[in-house]
Amino acid sequence: MLKENILFSKTSNEKYYLQLYKIFKSEINAGKLSEGSKLPSVRQTAMKYKVNMNTVLQSYNLLEQNGFIEKIPGKGCFIKKSSDFTLDTKVHPILETFRYGQERIGDIVNFSNGTPTAEYFPIETYKKLSEQVISEYGGELFEYQNVQGMESLRVVLSEELEKDDIFVTEDDILITSGTQQALDIVLNIFHSKTGLTIALSDPTYPNALNLFTNACKVKGFDLKSDGWDMEEFEKFLKTEKVNLVYEVFNYQNPTGIKWSEEKKKKLLELAVKYDFYIIEDDTFSEYYYEEERPSTLKSFDKVGHERVIYIRTYSKTLMPGIGIALMITPRSFMEKAILVKYSLDPTTSGLNQKILEYFIKDGYLEEHASNMRNVFKEKYYYMLNLLREVPYLQIMHVPTGGFFIWVLLAEHIDGEKFYKNCRERGVAVLPGSVFYNDKRAECKIRLTFVSGELEEIKKGIEVIKDILINCKH
């Protein structure tokens with residue numbers, strides 16, 4: 001049995017959920033919790049260790065992600081057999097991408113990492129603004145900040161959002177440390193003993209997919225060239241309850257598809273009719289190449305009858321290390337969202353919040369985004385034109401923005417062998433299987449053009465072309 005009344009270290013840099021996770025992990029590895037045995041409920045564990053239920057939920061999610069336990073709906077959490085401690089092989093390519101990070105290792109051409117490399121980060125401006133805000137605000141930047149976020153930043157963000165026809169006040173905005181934390185907050189807000197059902201696209205963003213799969217029932221819908229088949233979706237809604245919808249509506253990851261305004265508005269109508277909420281992950285709207293900036297779903301949300309939970313990160317526009325995203329929730333959710341955020345992480349860097357405020361207020365952000373848009377637009381057209389000359393490969397959807405191109409290999413190509421051959425020859429790609437919840441798609445590949453220079457893109461496409469031409473068929 002686990003020891004009662006574990007005293008968590010308040011001086012440790014590790015959060016309580018990590019300390020609790022390690023307690024369970026060590027007990028499982030030592031055989032003190034036998035295979036197949038049931039863990040105490042979240043409530044029971046919270047009472048035993050004198051922590052809140054969100055802390056326990058996070059530790060249980062981490063145990064599940066690392067293969068120590070399995071969740072059985074309606075029954076609880078059970079210790080897995082040791083032979084089940086391996087991760088699903090389909091997530092291995094994601095782990096390899098994490099290991100690359102922003103580094104350039106040898107001659108590897110990285111078509112898998114969907115984050116701009118460090119050379120594009122506005123470091124000089126960041127250094128200048130760091131000195132300025134530290135000089136002006138001193139030590140208070142390093143104190144615990146308002147859990148909702150600095151009011152001055154939220155005011156600037158509310159004014160910035162007006163450019164996209166999103167009209168909110170500073171009180172409607174919650175600052176988080178990134179998209180992942182914002183999604184965690186949403187799941188905690190909607191947590192239900194009877195379980196949640198979330199609808200999303202097949203394919204979809206793998207980090208969100210992994211998070212949702214561990215926390216609720218996931219229903220995938222095929223993504224057409226302009227969004228879902230709304231008749232098919234409504235037919236499902238008539239017989240099944242959906243609590244949440246998650247989507248990147250503009251330049252979706254991995255397909256690059258942009259939903260039509262007609263379908264965006266229809267989805268909002270259905271949200272009211274069938275009582276569900278929509279998480280809009282607005283990560284790539286800034287990167288449009290053949291048109292004006294696309295409309296967000298949030299811009300169509302009716303004031304006073306909001307159905308959209310809007311998330312925008314600044315990791316793609318500025319740099320991942322700034323660690324800031326904004327989240328807009330219906331006002332009825334905000335107090336609970338703030339409380340949940342406090343339980344997950346009580347503060348977000350005051351220094352980076354103030355720097356972001358100045359980035360926006362002094363016009364640096366708009367200038368930087370414009371420059372990056374031009375750089376990536378050139379790379380986008382370059383890769384697109386090269387891919388059109390590659391045999392046994394079809395561009396599934398020609399995007400007009402974003403970071404990705406989604407391609408389909410010919411039927412005779414073994415997708416798993418293709419992926420391995422690419423890796424062996426120094427080209428990193430992401431196979432389609434990581435973007436699906438309940439089906440494999442090994443002959444679909446996501447390529448990104450933002451990480452490498454034009455010469456690297458050319459080299460990588462030449463390798464892909466050679467592999468496909470010489471593939472036995």
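**Close-up views of a predicted model**

**Figure 1. Surroundings of Gln-353 in the predicted model.** Leaving aside residues up to four places away in sequence, Gln-353 is in contact with Gln-145, Gly-149, Met-150, Leu-153, Ile-175, Ile-324 and Thr-348. Gln-353 belongs to helix H12, which spans residues 350-361. Its relative accessibility is 0%. Because buried means under 20% relative accessible area, Gln-353 counts as buried. One of its contacts, Gln-145, is 208 residues away in sequence; the C-alpha atoms of Gln-353 and Gln-145 are 9.6 Å apart. Over the chain, 72% of the contacts with a separation of 6 or more are between residues 24 or more positions apart.

**Figure 2. Ile-464 in the largest nonpolar core.** This core holds 68 residues, of which Phe-111, Phe-212 and Ile-464 touch the most other members. Not counting residues up to four places away in sequence, Ile-464 touches Phe-111, Leu-393, Phe-418, Cys-422, Val-427, Val-429 and Leu-447. A second core, separate from this one, has 51 residues, among them Phe-121, Ile-175, Met-319 and Leu-326. In soluble globular proteins, nonpolar side chains tend to be buried together. Of the 473 residues in the chain, 53% count as buried.

**Figure 3. The open sheet of seven strands.** The strands follow the order S4-S10-S9-S8-S7-S5-S6, and their pairing is mixed. Strand S4 (173-176) and strand S6 (217-222) form the edges, each pairing on one side only. From one strand to the next, the twist averages 20 degrees. Strand S9 (residues 308-313) and strand S10 (residues 325-328) run antiparallel and are joined by four bridges. Arg-312 is opposite Leu-326 of S10. Helix H7 (residues 179-189) packs on this sheet and touches S4, strand S7 (244-247), strand S8 (277-281), S9 and S10. The directions of H7 and S9 make an angle of about 160 degrees.

**Figure 4. Helix H9 against strands and against helix H10.** Helix H9 (residues 230-237) lies across strand S5 (197-202), S6 and S7, and runs at about 150 degrees to S6. Two packed helices are described by the angle between their axes and the distance between the axes. For H9 and helix H10 (residues 261-274), the axes come within 11 Å and cross at roughly 10 degrees. Angles under 35 degrees count as roughly parallel, so H9 and H10 are roughly parallel to each other. On the H9 side, the contact includes Met-230, Phe-233, Glu-234 and Leu-237. These meet Lys-263, Lys-266, Leu-267, Leu-270, Lys-273 and Tyr-274 of H10. The residues of this contact comprise six nonpolar, no polar and four charged.

**Figure 5. Strand S12 and its antiparallel partners S11 and S15.** Strand S12 covers residues 404-409, and five of its six residues are buried. Three bridges connect S12 with strand S11 (residues 393-395), and the two run antiparallel. In this pair, Leu-393 stands opposite Leu-409 of S12. Leu-393 is also one of the residues touched by Ile-464. Strand S15 (residues 444-448) also runs antiparallel to S12, and five bridges join these two strands. Here Leu-408 has Lys-444 of S15 as its bridge partner. In the chain as a whole there are 15 helices and 15 strands.

Definitions and conventions. Residues are numbered from 1 along each chain as its sequence is written. This is a predicted model: local features need pLDDT of at least 70, side-chain atom pairs count only at pLDDT 80 or more; totals for chains, interfaces and linings use all residues. Side-chain values use heavy atoms; hydrogens and water are left out. A nonpolar core is a set of buried Ala, Val, Leu, Ile, Met, Phe, Trp, Tyr and Cys residues joined through side-chain atoms within 4.5 Å. Buried means under 20% relative accessible area, exposed over 50%, partly exposed in between (1.4 Å probe, protein chains only). Contact means heavy atoms within 4.5 Å. Two strands pair if DSSP finds at least two bridges between them. Axes are lines fitted to C-alpha atoms, for helices over the stretch in contact, and angles run from 0 to 180 degrees between N-to-C directions. Angles under 35 degrees count as roughly parallel, over 145 as roughly antiparallel, 65 to 115 as roughly perpendicular and the rest as oblique. Ala, Val, Leu, Ile, Met, Phe, Trp, Tyr, Cys and Pro count as nonpolar, Asp, Glu, Lys and Arg as charged, and the others, Gly among them, as polar.
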